[in-house]
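Here is a short briefing to keep beside the viewer while you look around. Have the chain open and follow along, topic by topic.

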Amino acid sequence: MGMKEKLHQLKQKYEGKKMAPAFNALHTFLYTPNETTHSGAHVRGADDLKRTMNTVILALVPCLIFGMFNAGYQQYSAINGFPENFSLFDDFLTWSNFLVGLTTILPLVIVSYGIGLGIEFLFAVIKGHEVEEGYLVTGMLVPLIIPVDTPLWMLAIAVAFGVIIGKEVFGGTGMNILNPALTIRAFLFFAYPTWMSGDKVWVHGAKAGLTQAGSTDAISGETVLGALAQGSSHLSFSVSDMFYGFIPGSVGETSKILILLGALFLIFSKIASWRIIVSGVLGSLAMGLIFNGIVDAGWLPTYSKFYTLMSFPYWQHLLVGGLAFGIVFMATDPVTGSQTNRGKWIYGFLIGFMSVMIRVFNPGYPEGVFLAILLMNVFAPTIDHYVVRGNIKKRLRRFKTATIYPKASDEVDSLKTETA
């Protein structure tokens, strides 16, 4: 007897017991459920919610692994200086870099999943329903959108807040109005701002006062956006560094090429909406072009505190910070995003548009994509409401001008009278 048959037998044995939801969650995570519905129409498919979540996790794993290498690379480069003749295999893909990232990032992943899934299991047992799978993706997203040196106890508190207040109080997976991962990120930013921003949180050891080799000067891990917000126009990173991800930042947001590949994978597998992704990119480019146009027209003096960010090339906004990561992996959340096709275009465009706007006008928080997504999560139902309402009015107008043939029934005539 194989493991699958044994698990099916155990499921029948413990059916109706207090811990049945917890066992069923493990069972269906490993194998497809052996149950089918007994009435109504059926659509046969090999996927379910767990498989959908696992597909998103597969798209995130390359960003996680790259982030581990980058954590070590940024630390050693801050101590010894960035290599003059950079070699991918000699300077970046090394065991020493990977071990630094592994020992700092893996605990973040463990705490995120341990606390989040523990709360999910607890609510399932108390309420007597099946364990919901929504946190499988959230648990992976959270470590990728926070600084590498975030204290574990701080992360645990934030995860508990995000799962309980951001999701469970609304009824669980599928009922929440805000993205749980961004709710956790927002809690961390507003509760512990010194650990979420500045130039000492993006490189491992900088917060602890690690010094440069042969010097008493502390290392700094200022990001590209941080430098621009401080008015520095001379960046130490090239466009290729920004695109490939060899820059400081949150764990999973730096490598734009891996984010692009993840976007293509999610679009090809029909998990993510290409409309939201494309419109988000267009929105950010549009806002960047407006700012560049204001600078080129000479309407903004060079001494303005907004000059550096507004003069930053519009297309390079997609290469720095978490804008690309947020558009691909969090704006496309099917629960908190718009559901109508036209609404997705509006929703995504406004996210990209507002993200760049927040970057420029809020120098204290130059990364605006997470706030923009949370704001649009709130307005997504309103967008869909007016889109659906507009479609209904359009069809009613079309119906009023429709030709009614003599054989039409009295019901059609009465319906046309009611809509007049």
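In this predicted model, helix α16 has a kink of about 45 degrees at F379, shortly before the proline P381. The helix covers residues 369-400, and its 32 residues should span 46 Å at 1.5 Å a residue; the end C-alpha atoms are 44 Å apart, which agrees.

**Helix α16 and its surroundings**

- The buried residues of α16 include F370, I373, L374 and M376, and N377, A380 and D384 are also among them.
- Helices α8 (180-191), α14 (323-329) and α15 are among the elements that cover these buried residues.
- One residue to look at in α15 (residues 341-361) is I346.
- Leaving aside neighbours within four places in sequence, I346 is in contact with I383 and V387, and both of these belong to the buried residues of α16.
- I346 itself is partly exposed, because its relative accessible area is 36%, which falls between the 20% limit for buried and the 50% limit for exposed.
- I346 also lies 7.5 Å from S279, C-alpha to C-alpha, although 67 residues separate the two in sequence.

**Helix α7 and the loop after it**

- Helix α7 (152-164) comes before the loop that leads to α8.
- The 13 residues of α7 should span 18 Å at 1.5 Å a residue, and the end C-alpha atoms are 18 Å apart, so expectation and model agree.
- The buried residues of α7 are M154, L155, A156, A158, V159, G162 and V163.
- The cover over those residues includes α5 (95-127), α6 (135-144) and α8.
- Is K167, in the loop between α7 and α8, buried or exposed? K167 is buried, because its relative accessible area is 2% and the limit is 20%.
- Leaving aside neighbours within four places in sequence, K167 is in contact with E120, G134, Y135, G162, G172, T173, N176 and P180; of these, G162 is one of the buried residues of α7.

**Aromatic pairs**

- How many aromatic pairs does a search of the whole structure find? The search finds 24.
- One of them joins W153 and Y192 edge-to-face, at 5.6 Å centre to centre and with 85 degrees between the planes.
- This pair links distant parts of the chain, with W153 in helix α7 and Y192 in the loop between α8 and α9 (224-229), 39 residues apart.
- W153 counts as exposed at 51% relative accessibility, whereas Y192 counts as buried at 19%.
- The rings of F306 and F361 have centres 5.3 Å apart and planes at 80 degrees, so this pair is edge-to-face.
- Here too, distant parts of the chain are linked: F306 sits in the loop between α12 (274-296) and α13 (307-311), F361 in helix α15, and their positions lie 55 residues apart in sequence.
- F361 counts as partly exposed, because its relative accessibility is 45%.
- Ring pairs also link F66, F69, Y73, F82, F86, F92, W95, F98, F237, F243, Y244 and F246 into a cluster.

**What the UniProt record adds**

- The unreviewed UniProt entry annotates "transmembrane region" at several stretches, including residues 52-71, 274-294 and 368-388.
- Over residues 52-71 the model is 100% helix and 0% strand, with end C-alpha atoms 29 Å apart.
- Over residues 274-294 the chain is likewise 100% helix and 0% strand, and the end C-alpha atoms are 30 Å apart.
- The unreviewed entry also lists T223 under "modified residue: FMN phosphoryl threonine".
- In the model, T223 is found in the loop between α8 and α9 and counts as buried, because its relative accessibility is 15%.
- T223 touches W202, P248 and G249, not counting residues up to four places away in sequence.

**The chain as a whole**

- The protein chain has 17 helices and zero strands.
- Of its 420 residues, 47% count as buried.
- Among contacts between residues at least 6 apart in sequence, 69% join residues at least 24 apart.
- The accessible surface comes to about 21,200 Å², and 64% of this belongs to carbon and sulfur atoms.

Technical notes:
Residues are numbered from 1 along each chain as its sequence is written. This is a predicted model: local features need pLDDT of at least 70, side-chain atom pairs count only at pLDDT 80 or more; totals for chains, interfaces and linings use all residues. Side-chain values use heavy atoms; hydrogens and water are left out. Helices (H or I, at least four residues) and strands (E, at least two) are DSSP runs, numbered from the N terminus. Buried means under 20% relative accessible area, exposed over 50%, partly exposed in between (1.4 Å probe, protein chains only). Contact means heavy atoms within 4.5 Å. The expected span of a helix is 1.5 Å times one less than its number of residues. The bend at a residue is the angle between axes fitted to the seven residues ending there and the seven starting there. Rings of Phe, Tyr and Trp (its six-membered ring) pair if their centres lie within 6.5 Å; planes under 30 degrees apart count as stacked, over 60 as edge-to-face and the rest as tilted. UniProt positions are given in the numbering used here, feature names are shortened, and annotations may be inferred rather than shown by experiment. Accessible areas come from the Shrake-Rupley method with a 1.4 Å probe; for residues, only the protein chains shown count as cover.
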